[in-house]
Structure formats: structure tokens, C-alpha cells
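Q: Please take a close look at the lining of one enclosed space in this model. Which kinds of residue and which elements form it, and how does it stand beside its neighbours in the ranking by volume?

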Amino acid sequence: MTDETEPSLATRLVGLGRNLEVPGGRAVNPPIVRMSTALFDSVAELRDFRARRDRERVITYGSRGTPTTHALEDLVTELEGGHRTRLFPTGLAAIVQVFLTWLRPGDHVLITDAVYQPVRTLAAGLLADFGIAVDWYAADGTDIEARIRPTTRLIYVEVPGSFAYEICDLPKIGTVARARGILVAADNTWGAGVLYRPLDLGADISLTAATKYLGGHSDVMMGSVTTTAEVWPRLTASCDAMGVTVGSDDAWLVLRGARTLTTRLAAHAAHALDVARWLEAHPAVRRVWSPALPSHPDHALWRRDFHGTNGLLSFALHRPDEAAVDAVIDALELFGIGASWGGYESLVMPADLSRARSVGAHPGPPPQFLIRLHIGLEDPADLIADLDRALAPLVDRPQSEADDR
Ligand SMILES: *Cc1c(COP(=O)(O)O)cnc(C)c1O
């Protein structure tokens, strides 16, 4: 009877609809493959793929990557000009993994004074708890050699630096480090693998917050670490040991965003330059920071090592007080107030440069309070009109800070 030969409905439901092979064309985009378990045809096949997975790109288990996360890894590897890439749930997680992979108790790491702020929290907390010594070097990198110790294992750069966009001479740092067997890791979030290529310039490790320009739409978090072939095995081993992975849905969103990366960056750059030049000529503005401006102290290095600029810039007012900065920000209508950047929309944030630097030596006289803009894809004429309106109350008395106190 059929009752004896055909499995019950509960059993058939487990197998139904799982093998969809339909003749016809192909989708433009890779599929989102969600998976934990990978299935094999035999024990021998399972053993074979497991034996190969540390060296080869094969599918064995979800935490080792899916076809979707591999697709994004390959895209980032190509951008960065590296050997291979691992993905992380956030940009900050990518940074932490770099430190935990290459530093051990008793080791010393040199970190740029211009670093993305949460790295300071990481250094004072987790790294200190693990007995890893940290020294900060000046954002232009000129004091690195003097700060190297026998225990220095890693030099961590972020180029350009946060808020003031200082640029260090990465090829020179790479030469100094290589001669002493020290690794160089670069935060390449600003360059997004398009405007800057640290691995070509002497770094061993390049990481990005793909949350920013790769994702590009303020709707997904992701980090990436790309390395040379020489240092790759240690990174991938530490990620596998810790079970670090990302979801395929998130990887797919970043893949989709990355298709328009160069086009978006070109528009961000053109719009940001329009705004930066306009701000430089404004009577209430004391100073504008963008490495693409000839007035930036590191403009020559930027021209030498970079392939363009992005949507970021900072400026300081003649008025030195925080209240003036807050009032300008609150008066803006087309700029969202919020952290992060790299999406299609314009953003504004207050920044305190004096708290973001510890060894000083950022170029020029140090104003404390800055306004950091991310210029989005809106018409720059509209953004300039918005800034003009927000700055108007300061125009009549640009030099009158003394009267206000
Ligand atoms: C935003 C940012 C990060 C961290 O990225 P998240 O995805 O927000 O964790 C790291 N480095 C730089 C330079 C950043 O701007």
C-alpha cells in the first residue's frame, strides 16, 4: 500500500521545493544564499572539502562563508589589490580582529594620533587588559621611527586622519617597518579601496568600514580586512577560531551598494569640492579641512598617493565657542545630524579636535570645535544655500568673539 512506501507529509515537507533547477537565463545579481549547514554526497566528500578549506575557497559550513559572502570578499579583494578578504559585522569589529590577530601580551603597537575615536577606547580597555602596550604617534607619521621599541609588532595608520585629514607617508613607513619585521595595518575607510590603495603603498593589511561608501546607503553595517598573501593565514585562522562571520543578506546589500561605488564617489567628491571652496571664501569661516584643497598642509602627499577625494570635509568658525557650532548645525535643514558617513545623503556632526588628538602636532593653529560635513548626492547649490542661511547670523561680527564673552 502507498501508506507503507510513501513517506508521511511531515517527512515530504522537509524535502519539498529544495532543488529548483529551472532552464533559462541567469539573474544579473548573485543569489542570497543563507546557510549554516552545507550538505555533501558522501563522508569522503565531506572529508575532502574539510581538508582543503584552509587553503581553498570551498563551502563547508556557514561560518566559513557562503557563496554570497565570498562574492563580496572577492569584490573587496579586487578593490584593495590584496590576496584575500575576511568580512566582519562592523568596521570596528574588523579593527579589533586585526589587533587580536597580530598582537600578544607584551607586544607594543604604534597607533596614529588621528585615529577613529573608538580605537582609543579599545586601546585603554581591551588592549591594556591583555597587556599590549600602545604608543600614539603624530598624525603626519614623522616621529614613528623614534617611537619604535624592540617589542613593536604593528604600526596602525589611518589615512587621512579623522576630522583634520592629515596624511602620513605610507611608503616611507612601510620601508621603516619592513626593515624591522614590523607589520603595517591601514584603516582605508576614507579611500574605500578606490581613492587609496594601502597594500600597493607598503601596508600588509588594509581594512575598511564597508558600512560607509561600499554599502553607500546608510542601511547596513560591515567591515572588511584584506591582506597580502604572506600574512593572510594568520588572519583567516583567527577568524575561524573565533567564529567570525557576517550574514548573507548584509553581504548582498553591500555588494549591491558597491556596484555604484566609483560613480557615487565621483559625485560626492565634486559636490564636496564645491562646498569646500565656497566655505573657504565665507567671512564667518576660519578654516576648512579637505586634503583636496591646496590650502591643506598635506595636499602634495594627497596628490602623490591618492586617486581623488570623497564627500568629507571639516571647518572651523571664527567664533571659537561650542555654542556657535551647535547653533549653525541646528540651523541646517538639508543635513542630517548623525554619526557615520558614506551614504547618499548629507550629514553634519560637531567634533572636538582637542579631544581627538593626544600628542598634538596636527597642522596649523588648533581650533577646538569643528563642524564635520559629509556631502551627499543632493544638488550642491542647495547645500550651499542651506549653509549660507545657517552661517548668516555670524556674518556681521565674524571677528567679534571677544565681545561675546
Ligand atoms: C566608521 C569608521 C569605522 C567603524 O565602522 P563601523 O562600521 O561604524 O563600526 C572605522 N574606521 C573609520 C575611519 C570610520 O570612519
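**The second largest cavity**

A: The lining of the second largest cavity comprises 3 nonpolar, 4 polar and 3 charged residues. The model under discussion is a predicted one. In volume, this cavity amounts to about 60 Å³. Its lining consists of Ser-63, Arg-64, Gly-65, Thr-69, Glu-73, Arg-86, Leu-87, Val-244, Thr-245 and Val-246. Two elements, H4 and S1, each give two or more residues to this lining. Helix H4 covers residues 67–80 and strand S1 covers 84–88. The charged members of the lining are Arg-64, Glu-73 and Arg-86, and the nonpolar ones are Leu-87, Val-244 and Val-246.

The wider setting is as follows. The structure contains 3 cavities of 30 Å³ or more, and the largest of them has a volume of about 140 Å³. That largest cavity is lined by 14 residues; Arg-53, Arg-64, Arg-84, Arg-86 and Thr-236 lie nearest its centre. Arg-64 and Arg-86 thus belong to the linings of both cavities. H4 and S1 also supply at least two residues each to the lining of the largest cavity, as does helix H9 (232–242). H9 makes the largest contribution there, with 3 residues. By class, the lining of the largest cavity holds 9 charged, 3 polar and 2 nonpolar residues, whereas that of the second largest holds 3 charged, 4 polar and 3 nonpolar.

Notes
Residues are numbered from 1 along each chain as its sequence is written. This is a predicted model: local features need pLDDT of at least 70, side-chain atom pairs count only at pLDDT 80 or more; totals for chains, interfaces and linings use all residues. Side-chain values use heavy atoms; hydrogens and water are left out. On a 1 Å grid over the protein atoms alone, a cavity is a set of points where a 1.4 Å probe fits but cannot get out, and a pocket is an open set with protein on both sides within 12 Å along at least five of seven lines; lining residues have an atom within 4 Å of a point. Grid points are joined across faces, edges and corners, and a volume is the space filled by probe spheres set on the points. Helices (H or I, at least four residues) and strands (E, at least two) are DSSP runs, numbered from the N terminus.
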